[in-house]
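Grab a pencil and work through these exercises with the structure open beside you. Try each task on your own before you read the solution.

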Amino acid sequence: MPKGPKPSSGQPPEEEETPFTEAAEMAEPTPDPSAFNSVFGAATLFPSENLTLDTADFFLNCCDCCSSGPGQKGEPGETGKPGFKGEAGDMGILGPPGVTGPQGPKGQKGEKGLKGERGEQGTNGVPGYPGKPGEPGGLGPKGDRGNIGLAGVKGQKGSKGDTCANGTKGEKGDKGDRGAVGAPGLNGEPGAKGDKGEMGDKGYCGDSGERGGKGEKGEEGMKGEKGSKGDIGTEGKSGSDGLPGAQGDPGVKGEKGELGPPGLVGPAGPKGELGSKGVRGSIGKKGSRGLKGSKGEVARVPRSAFSAALSKPFPPPNAPIKFDKVLYNDQGNYSPVTGKFNCSIPGAYVFSYHVTVRGRPAQISLVAWNRKQFKSRETLYGHEIDQASLLIILKLKAGDQVWLEVSKDWNGVYVSAEDDSIFTGFLLYPEENPGISP
């Protein structure tokens with residue numbers, strides 16, 4: 001009996017029994033097995049593997065001699081060959097997005113990109129404030145000596161003076177007493193050398209006259225001709241005493257007098273030149289070792305020093321700059337709260353600063369004795385950067401204060417992680433007499 005599909009779990013309806021009965025009657029004369037295959041192709045009608053055939057619910061009664069009860073259950077058939085691959089079905093609906101996965105590892109650094117094109121030029125910045133006028137310059141160095149001027153024109157020769165008329169000859173008086181030797185006069189300045197006069201005319205030989213007074217020494221004339229000897233004159237009468245004569249010429253230098261007594265010791269003369277170095281003497285004998293001296297007291301050296309840095313840029317003007325980052329201040333003479341150094345030991349002190357200037361100009365003043373003693377300026381604008389520094393020695397007394405200040409609009413003292421501004425001072429040596437003020 002061929003197997004057929006199981007249509008339901010209950011009794012099969014009557015309408016479905018008719019085809020099977022007709023098929024059995026047609027098969028009775030010739031029970032050909034092929035006829036069953038042609039009529040009942042049940043095995044090929046339902047190829048689906050999900051359907052099963054049950055002989056208890058579905059069977060054919062081929063002949064009347066056979067009982068209508070179900071036969072023995074046959075052995076399971078061999079597994080059929082797998083069917084052909086079905087066609088791909090339609091794409092299903094897109095599912096919801098999955099959960100975001102963890103971040104992947106950092107990729108390797110990419111290659112350096114090509115150089116970009118040059119950008120457009122930016123707009124000009126706002127012009128800065130005009131700078132203050134500079135201080136007048138100091139006196140320049142002395143100039144070189146000028147060249148010697150041209151020689152002056154020689155003056156014209158002066159005219160010859162008038163000839164003096166001969167005066168009347170006075171009577172010869174008695175010879176007066178010799179006057180006292182006068183004190184030597186002061187040496188006059190030498191006069192300018194006059195031009196040489198012209199040679200005079202040759203004079204005539206005159207008569208022998210009376211002897212006149214001694215005349216002034218005239219210029220040397222030409223040698224005259226020898227005159228004839230004159231007659232001897234009569235002796236004249238004795239005249240009255242004449243007036244004292246003029247001071248005579250200095251007398252002849254007298255003989256050297258006797259050596260006088262030794263004079264007072266004069267002042268010491270100038271130091272003579274250093275003499276040549278003498279020959280090195282022989283090495284002396286080694287002396288005996290002296291006694292061991294007593295143990296001296298340990299000298300207590302006074303100390304005073306500090307060094308501090310600035311922590312904020314652009315300090316307020318006309319006030320002490322507060323270098324509040326203390327680097328050294330063991331004696332406590334510097335106050336980071338006020339920015340001032342207080343002198344407690346009189347003596348000579350060294351002060352220095354090294355500051356960074358950026359973005360604006362700076363005028364830094366060192367104040368001592370409540371006055372700005374030393375000033376320095378640095379002119380900068382924009383993003384320029386520079387340094388300013390000072391090193392100086394001051395003599396202070398106890399109670400004096402020293403600090404640094406900047407001026408208004410000149411407070412460009414700068415500080416950052418890469419730049420520092422530092423103020424330092426220390427005692428060079430104490431004063432020997434603390435009571436004396438500097």
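**Exercise 1. Read the order of helices and strands along the chain, then count them.**

*Solution.* Step 1: going along the sequence of this predicted model, you get the pattern α-α-α-β-β-β-β-β-β-β-β-β. Step 2: the count is three helices and nine strands. Step 3: for a bit of context, the chain has 438 residues, and buried ones make up 16% of them.

**Exercise 2. How are the rings of Phe306 and Phe423 arranged, and which parts of the chain does the pair tie together?**

*Solution.* Step 1: a pair of aromatic rings is described by the distance of the centres and the angle of the planes. Step 2: a search of the whole structure turns up nine aromatic pairs, and one of them is Phe306 with Phe423, at 5.2 Å centre to centre and 75° between the planes. Step 3: planes over 60 degrees apart count as edge-to-face, and that is the label for this pair. Step 4: now look up the elements. Phe306 belongs to strand S1 (residues 305-309) and Phe423 to strand S9 (residues 422-430), so the pair ties together parts that are 117 residues apart in sequence. Step 5: check whether the rings are covered. Phe306 has 2% relative accessibility and Phe423 has 0%, so both count as buried.

**Exercise 3. Phe423 also pairs with Phe351. Is that pair stacked or edge-to-face?**

*Solution.* Step 1: the numbers are 6.5 Å centre to centre and 25° between the planes. Step 2: the cut-off for stacked is under 30 degrees, so Phe351 and Phe423 are stacked. Step 3: place the partners. Phe351 is in strand S5 (residues 347-368) and Phe423 is in strand S9, 72 residues apart, which makes this another link between distant parts of the chain. Step 4: Phe351 is buried too, with a relative accessible area of 1%.

**Exercise 4. Which residues do the ring pairs link into a cluster, and where does Tyr334 sit?**

*Solution.* Step 1: follow the ring pairs and you collect Phe306, Phe323, Tyr334, Phe341, Tyr349, Phe351 and Phe423. Step 2: zoom in on Tyr334, which is found in strand S3 (residues 334-335). Its relative accessible area is 3%, so Tyr334 is buried. Step 3: try a distance. Tyr334 and Gly425 are 91 residues apart in sequence, yet their C-alpha atoms are 9.2 Å apart in space.

**Exercise 5. How many residues make up the largest nonpolar core, and which element gives the largest share?**

*Solution.* Step 1: the largest core has 29 residues. Step 2: the residues with the most contacts inside it are Phe323, Tyr349, Phe351, Leu396 and Phe423. Step 3: the elements giving two or more residues are S1, S5, strand S7 (385-396), strand S8 (401-414) and S9. Step 4: S5 gives the largest share, nine residues.

**Exercise 6. Now go to the surface: which residues make the nonpolar patch, and is Phe426 buried, partly exposed or exposed?**

*Solution.* Step 1: Ile393, Phe426, Leu428 and Tyr429 make a patch of about 410 Å². Step 2: S9 provides the largest share of the patch, three residues. Step 3: Phe426 lies in strand S9. With a relative accessible area of 35%, Phe426 is partly exposed.

**Exercise 7. Explore the loop between S1 and S2. What stands out about the phi values of Phe314 and Asn318?**

*Solution.* Step 1: most residues other than glycine have a negative phi. Step 2: Phe314 has a phi near 55°, which is positive, and Asn318 has a positive phi of about 55° although it isn't a glycine. Step 3: Phe314 sits in the loop between S1 and strand S2 (325-328), and Asn318 is found in the loop between S1 and S2 as well. Step 4: Phe314 is partly exposed, at 30% relative accessibility. Arg360 lies over the face of its ring, 4.1 Å from the ring centre. Step 5: for a similar arrangement, find Lys340, which lies over the face of Trp403 at 4.4 Å from the ring centre.

**Exercise 8. Is Lys312 buried or exposed, and how far is Lys312 from Lys325 in space?**

*Solution.* Step 1: Lys312 is in the loop between S1 and S2. Step 2: exposed means over 50% relative accessible area, and Lys312 has 61%, so it is exposed. Step 3: Lys312 and Lys325 are 13 residues apart in sequence and 9.8 Å apart in space, C-alpha to C-alpha.

Definitions and conventions: Residues are numbered from 1 along each chain as its sequence is written. This is a predicted model: local features need pLDDT of at least 70, side-chain atom pairs count only at pLDDT 80 or more; totals for chains, interfaces and linings use all residues. Side-chain values use heavy atoms; hydrogens and water are left out. Rings of Phe, Tyr and Trp (its six-membered ring) pair if their centres lie within 6.5 Å; planes under 30 degrees apart count as stacked, over 60 as edge-to-face and the rest as tilted. Helices (H or I, at least four residues) and strands (E, at least two) are DSSP runs, numbered from the N terminus. Buried means under 20% relative accessible area, exposed over 50%, partly exposed in between (1.4 Å probe, protein chains only). A charge sits over a ring if NZ of Lys or CZ of Arg is within 6 Å of the ring centre and within 35 degrees of the ring normal. Patches are made of residues with over 30% relative accessible area and no salt bridge: like charges are joined within 9 Å, nonpolar side chains (Val, Leu, Ile, Met, Phe, Trp, Tyr) within 5 Å. Accessible areas come from the Shrake-Rupley method with a 1.4 Å probe; for residues, only the protein chains shown count as cover. A salt bridge is a side-chain nitrogen of Lys or Arg within 4 Å of a carboxyl oxygen of Asp or Glu. A nonpolar core is a set of buried Ala, Val, Leu, Ile, Met, Phe, Trp, Tyr and Cys residues joined through side-chain atoms within 4.5 Å.
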